[in-house]
Amino acid sequence: MTFKELVVAYFQYPAIIAYLLLSVVALGAFAWSPAPVVPTLLAIGTASVAYPLIWYVLHRWVLHSRWMFKRQFLAATWKRIHYDHHQDPNHLEVLFGALHTTLPTIAIGVIPLGWAIGSFWDAGFGGAAIAFATGLITTCIYEFVHCIQHLAYKPRHKLLVEMKRRHMAHHFHDENGNYGITTFFWDKLFGTFYDRSERPAKSPTVFNLGYDETAARRWPWVAELSGGVTTGHPRQREKSA
């Protein structure tokens with residue numbers, strides 16, 4: 001895949017179009033009621049810094065937890081937003097998160113920060129609007145890097161090569177680490193950053209996230225939605241199908 005083909009594929013996803021359109025709306029709201037320069041810059045910087053931490057927390061302690069599939073009302077959501085992605089990391093239809101889960105998360109994560117910062121200058125609305133726009137644009141950047149990591153594109157830049165290598169280890173070797181997408185700062189801080197050579201044994205739950213036959217017998221909802229429980233490498237499953 002060429003870089004041009006990667007870009008074309010990226011912009012074919014409705015979620016990306018939705019993020020970009022909403023970021024234009026948020027920027028329009030900011031232009032209608034702007035905050036002064038200082039709180040604007042602070043809101044942008046804070047949202048940009050907070051976003052990777054928010055993603056790390058959600059990825060590690062929510063998406064990779066085992067409490068969501070144990071609750072019937074959350075089973076379908078967990079299946080869609082992460083289980084299916086780990087079942088087949090190269091399944092492009094579930095590469096991006098569902099909008100009904102990502103948009104509220106972005107809004108809750110950054111809008112209050114922007115509002116709080118802007119309020120010190122009596123510009124809470126403007127601070128919230130620019131923080132939301134920042135969160136949406138940052139999401140687009142994250143998802144573009146995510147495309148590079150999962151699509152058949154070979155990056156040349158050393159930093160992108162390293163990001164892809166770490167993320168592929170998360171998907172194909174051991175899911176209990178390397179939770180970052182564009183940065184692994186929080187992995188390093190919390191001790192979840194690893195190289196494959198440091199973990200010789202492959203995780204037995206790397207593709208099912210702990211939802212195996214035993215779990216399915218007790219909490220059957222994800223299995224019912226998936227048509228059963230699948231095991232093994234996704235490419236091996238395709239060959240045997």
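Visitor: Is Cys147 buried or exposed, and at what relative accessibility?
Guide: Happy to start there, with the reminder that this is a predicted model. Buried means under 20% relative accessible area. Cys147 falls under that cut-off and so counts as buried, at a relative accessibility of 0%.

Visitor: And Cys140, buried or exposed?
Guide: The same test serves here, with buried meaning under 20%. Cys140 has 6% relative accessibility, so Cys140 counts as buried.

Visitor: How many disulfides does a search of the whole structure find?
Guide: A disulfide is a covalent bond between the sulfur atoms of two cysteines, and the cut-off for the pair is 2.5 Å. The sulfur of Cys140 has its closest cysteine sulfur in Cys147, 11 Å away, which is too far for a bond. Cys147 is likewise in no disulfide. For the whole structure, the search gives 0.

Visitor: Which class supplies 17 residues of the lining of the largest pocket?
Guide: This pocket holds about 590 Å³ of space. Its lining has 28 residues, and those closest to the centre are Trp55, Leu58, Leu63, Thr102 and Thr105. By class, 1 lining residue is charged and 10 are polar, while the 17 are nonpolar.

Visitor: Which helices each supply at least two residues of that lining?
Guide: Let's go along the chain. Residues 37-63 and 72-87 form two of these helices, and 99-119 and 124-150 form the others. Their names are H3, H4, H5 and H6.

Visitor: How far apart in space are Ala9 and Asp174, C-alpha to C-alpha?
Guide: Ala9 sits in helix H1, residues 3-10, and is buried at 15% relative accessible area. In sequence, Ala9 and Asp174 are 165 residues apart. In space, their C-alpha separation is 28 Å.

Conventions:
Residues are numbered from 1 along each chain as its sequence is written. This is a predicted model: local features need pLDDT of at least 70, side-chain atom pairs count only at pLDDT 80 or more; totals for chains, interfaces and linings use all residues. Side-chain values use heavy atoms; hydrogens and water are left out. Buried means under 20% relative accessible area, exposed over 50%, partly exposed in between (1.4 Å probe, protein chains only). On a 1 Å grid over the protein atoms alone, a cavity is a set of points where a 1.4 Å probe fits but cannot get out, and a pocket is an open set with protein on both sides within 12 Å along at least five of seven lines; lining residues have an atom within 4 Å of a point. Grid points are joined across faces, edges and corners, and a volume is the space filled by probe spheres set on the points. Helices (H or I, at least four residues) and strands (E, at least two) are DSSP runs, numbered from the N terminus. Ala, Val, Leu, Ile, Met, Phe, Trp, Tyr, Cys and Pro count as nonpolar, Asp, Glu, Lys and Arg as charged, and the others, Gly among them, as polar.
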